[in-house]
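Colleague: Please take me through one part of this model in close detail. I would like to follow a single residue outward to its surroundings.

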Amino acid sequence: MTHTPTHPLQHAAQHGHQHLGDGQGEILDLDAEVLAEYIAAITEWLPIQTAPRQIIDLGCGTGAGTFALLDRFPEAQVTAVDASAAHLQRLREKACERGVAERVRTVLADLDDPSWPDLGTPELVWASAAMHHMAHPDRALRAVHEIVTPGGLFAVVELVGFPRFLPENAPEGRPGLEERCHAISDHHHAEHVPHRGADWGPKLTAAGFTLEDHRTRAVDIEGSRNPTVGAYALASLRRLRNSVADALTAEDLTALNQLLDTDSPHSILRRKDLAMRTERTVWAARRR
Ligand SMILES: C[S@@+](CC[C@H](N)C(=O)[O-])C[C@H]1O[C@@H](n2cnc3c(N)ncnc32)[C@H](O)[C@@H]1O
């Protein structure tokens, strides 16, 4: 396994990616754990003609897609690319723990940079919850089209928004609190992450791909069935609190603090109605 420090990330810092290590790694790991079954199902669904040997995971984070793809395609090598050195470090540690280090190459790169490092000629490129982070996603899609082998596939997996953990009528006394937090956060994201929630089908076609298929799958996992949902909810809402606390009313902030206080009787971890609700859409695009 090699680590190629290709870009010093000045561009990432200029474009606001410097916050990426800020608790995101833990959340990505929890997301991967809770959604493992769903991610595996997406890899099974992909319209693959011949099992790929070379795969790229763009914006790989801590490796949710990388490890699902290594499991799905036992003969494949994955090149995992990200702008966060911390995420790549974590991914390498996990690869060692899983005994697959020799099948993974990590590349530190800012994919908003107009010139990409040499990523080889993959038969499959995977980008999950990554393309919407690009400042120039159309340019990135064209760059993928240039490197994927003819007949190869590009799988873009995206989410409409962040997962929800509480029912609409929660918490008692401040119903709708989670939605109000997200409304504040979405306002910020609309400006800074404008491509979240985009329809990637026409973008992929414009980049030269033939769109083969796409599908949206709803995710609804009860906390009572999966203990990681509680940890995920806590980490996500703590991070959300950091970005919205200043804009919340005093009453909402108090209620949110109680939910996040694991010693409080109102702690999110004590709720019987906790669940993770989200959805994932995947577009499968082929280079002819
Ligand atoms: C929401 S995370 C998704 C991570 C992973 N694909 C997954 O499904 O768990 C988005 C990832 O994209 C990376 N990223 C964002 N902008 C990037 C850029 N310009 N170049 C490379 N990676 C970037 C982030 O560092 C982060 O790891």
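**A close look at W126**

Modeller: W126 has a relative accessibility of 2%, so W126 counts as buried. The cut-off for that word is under 20% relative accessible area. Keep in mind that this is a predicted model.

Where does W126 sit? W126 is in strand β5, which covers residues 124-128. Now look at what W126 touches. Leaving out residues up to four places away in sequence, W126 has contacts with I39, I42, T43 and L46. W126 also touches I56, D57 and L58. G65, L69, A155 and V157 complete the list.

Next, find G59. In sequence, W126 and G59 are 67 residues apart. In space, their C-alpha atoms are 8.9 Å apart.

G59 takes us to the ligand. A polar backbone atom of G59 lies 2.7 Å from a nitrogen atom of the ligand. Strand β5 leads there as well, since its residues 124-128 include S128. A backbone N or O atom of S128 is 2.7 Å from a ligand nitrogen. G61 adds a contact with an oxygen atom of the ligand, at 3.4 Å from a polar backbone atom. Taken alone, the ligand exposes 590 Å², and the protein buries 95% of that.

How many residues surround the ligand? There are 20. The closest are G59, D82, D110, L111 and S128. By class, this shell holds 9 nonpolar, 8 polar and 3 charged residues.

Now step past the strand. A129 is in the loop between β5 and α6, and α6 covers residues 137-147. Its phi is near 55 degrees, a positive value in a residue other than glycine. Is A129 buried or partly exposed? A129 has a relative accessible area of 25%, so A129 counts as partly exposed. Compare the two values: 2% for W126 and 25% for A129.

One more backbone feature deserves a look. A cis peptide bond joins A170 and P171, with omega at about -10 degrees. P171 is in the loop between β6 (153-159) and α7 (177-192).

Finally, check the confidence. The protein chain averages a pLDDT of 91, and 92% of the residues score at least 70. Over residues 1-21, the pLDDT is below 50. That stretch has 42 contacts in the model beyond near neighbours in sequence.

How values were computed:
Residues are numbered from 1 along each chain as its sequence is written. This is a predicted model: local features need pLDDT of at least 70, side-chain atom pairs count only at pLDDT 80 or more; totals for chains, interfaces and linings use all residues. Side-chain values use heavy atoms; hydrogens and water are left out. A residue is near a molecule or strand if one of its heavy atoms lies within 4 Å of it. A polar contact is a pair of N or O atoms within 3.5 Å; within protein, one must be able to donate a hydrogen and the other to accept it, and residues adjacent in sequence count only if both atoms are side-chain atoms. Accessible areas come from the Shrake-Rupley method with a 1.4 Å probe; for residues, only the protein chains shown count as cover. Ala, Val, Leu, Ile, Met, Phe, Trp, Tyr, Cys and Pro count as nonpolar, Asp, Glu, Lys and Arg as charged, and the others, Gly among them, as polar. pLDDT is the predictor's confidence in each residue, from 0 to 100. Contact means heavy atoms within 4.5 Å. Helices (H or I, at least four residues) and strands (E, at least two) are DSSP runs, numbered from the N terminus. Buried means under 20% relative accessible area, exposed over 50%, partly exposed in between (1.4 Å probe, protein chains only).
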